[in-house]
Amino acid sequence: MIQSQEKPDRVLVRIKDLTVEKADEVVWVRGRIHTSRAKGKQCFLVLRQQQFNIQALVAVGQHASKQMVKFAANINKESIVDVEGVVRKAYQKIGGCTQQDVELHVQRIYVISLAEPRLPLQLDDAVRPEVEGEEDGRATVNQDTRLDNRVIDLRTSTSQAIFCLQSGICQLFRETLIRKGFVEIQTPKIISAASEGGANVFTVSYFKSSAYLAQSPQLYKQMCICADFEKVFCVGPVFRAEDSNTHRHLTEFVGLDIEMAFNYHYHEVVDEIADTLVQIFKGLQERFQTEIQTVSKQFPCEPFKFLEPTLRLEYREAVAMLREAGVEMGDEEDLSTPNEKLLGRLVKEKYDTDFYILDKYPLAVRPFYTMPDPVNPKNSNSYDMFMRGEEILSGAQRIHDPQLLTERAQHHSIDLEKIKAYIDSFRFGAPPHAGGGIGLERVTMLYLGLHNVRQTSMFPRDPKRLTP
């Protein structure tokens with residue numbers, strides 16, 4: 001095993017950079033042994049580095065003895081090795097490798113870290129499409145096994161691609177908002193009262209009293225608007241003590257939150273948020289095609305479609321579309337999950353988009369701090385945004401008048417003492433403002449057309465899972 005070296009005697013090259021342009025060059029590569037196959041006086045290795053891999057050949061000759069071939073063939077899968085070799089152009093494309101036009105002819109090989117011989121799951125099984133496994137009778141890996149052995153599962157090319165793309169979403173979110181003049185803020189996650197006046201909070205011991213894990217950074221975003229920051233955003237964990245064991249709910253997720261003062265109409269904020277998401281979608285298309293294609297090999301889906309400008313429907317229009325499709329629902333009834341998905345399909349058929357905004361929700365189904373519609377008091381200045389028929393953002397114009405806020409809280413039977421600090425923050429002059437919260441894992445899941453949010457949460461937390 002090689003120890004740390006202050007002045008290393010080799011420069012390591014990334015596997016993804018090994019192309020025909022490097023043919024005949026001698027290079028050093030570090031990677032994991034993905035597979036090994038001995039054949040007579042030679043051994044074929046596949047070296048993997050994140051989502052990229054290359055075939056390496058160890059053959060008896062000037063640079064390799066029989067013992068070296070035998071040594072290479074017996075290195076355990078997933079061990080980390082340093083390999084010196086010559087890049088050679090392949091006679092034919094090498095199937096199963098990302099670097100299909102070249103292979104590495106090994107001259108020296110060192111084991112950096114030896115993996116145990118028995119793996120809890122096989123990576124080839126973990127990337128096999130379920131349909132292929134069912135048809136051919138080959139093994140696939142179920143979700144609990146993946147999550148119980150997450151450090152192995154995260155090494156698969158699919159997982160590597162998912163989380164590289166997710167990192168890109170965060171990067172594009174920050175880039176876009178900073179370019180628009182927003183300021184990134186950091187908000188506390190240990191708070192003295194429930195963020196939204198509700199009961200779905202985690203209580204924690206806080207010295208001689210109790211505290212709560214934040215359901216949302218909303219209060220602090222709004223306080224920053226009241227402090228004249230005008231446009232703010234934050235990226236951080238959000239906690240929800242909801243016993244929801246569904247494909248799209250987590251008890252801890254990453255929130256991408258936005259809040260903004262506006263001049264004349266809350267649609268200024270709606271348009272800014274929608275454009276931010278469109279810029280993210282465009283950035284993913286431009287920068288992450290390799291990752292998108294890698295995921296689609298295991299989980300095929302149609303490419304994500306969106307319009308510019310973003311389609312915006314009013315809630316009453318959505319209700320009319322659903323009724324036309326045979327759904328019975330009231331004017332002030334909230335959308336159920338099945339109706340959300342059906343509406344997504346109807347919108348896709350009619351407008352050919354996977355991303356749209358639903359505006360003017362009934363006031364009765366929105367939180368107490370939502371601004372009523374000044375034209376129709378049964379409606380509200382609130383909106384949700386959807387991807388592939390599932391909600392990814394919930395937002396609204398907030399009530400910035402403390403008297404109206406008090407009245408609305410009383411209407412919802414909320415204990416005013418518990419939200420006193422929230423109401424008091426508007427007593428010294430507050431500009432009209434609106435915002436919303438986006439779930440990072442949901443955006444990743446729906447953009448890639450995946451079917452469970454646990455696939456896009458690196459170490460998911462739900463009512464039944466606290467490990468690893």
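Domain bounds here come from an automatic or database domain assignment. I looked up the chain and found domain 1 (12-113), domain 2 (123-155) and domain 3 (158-456).

A note to self on ground rules. This is a predicted model, where local features need pLDDT of at least 70 and side-chain atom pairs count only at pLDDT 80 or more, while totals for chains, interfaces and linings use all residues. Residues are numbered from 1 along each chain as its sequence is written, and side-chain values use heavy atoms, with hydrogens and water left out.

**Domain 2 and domain 3**

I began with the C-alpha centres of domain 2 and domain 3, which lie 32 Å apart. Next I checked contacts (heavy atoms within 4.5 Å): 11 residues of domain 2 touch nine residues of domain 3. I then looked up the area buried between domain 2 and domain 3 (accessible area, 1.4 Å probe, lost on putting the two parts together, summed over both); it is about 730 Å², with 44% from carbon and sulfur atoms. On the domain 2 side, α4 and α5 (150-153) each give two or more residues, and α4 has the largest share, three residues. Helices are DSSP runs of H or I, at least four residues, numbered from the N terminus.

**Helix α9**

Which residues of α9 (289-298) are buried? I noted Glu 291, Ile 292, Thr 294, Val 295 and Gln 298 (buried is under 20% relative accessible area, 1.4 Å probe, protein chains only). They sit on the same side of α9 because they cover an arc of only 160° around the axis, taken from the directions from the helix axis to the C-beta atoms. I also saw that the buried residues of α9 pack against α2 (123-126), α4 (143-148), α6 (157-179), α8 (267-287) and α14 (440-447).

Terms used:
Buried means under 20% relative accessible area, exposed over 50%, partly exposed in between (1.4 Å probe, protein chains only).
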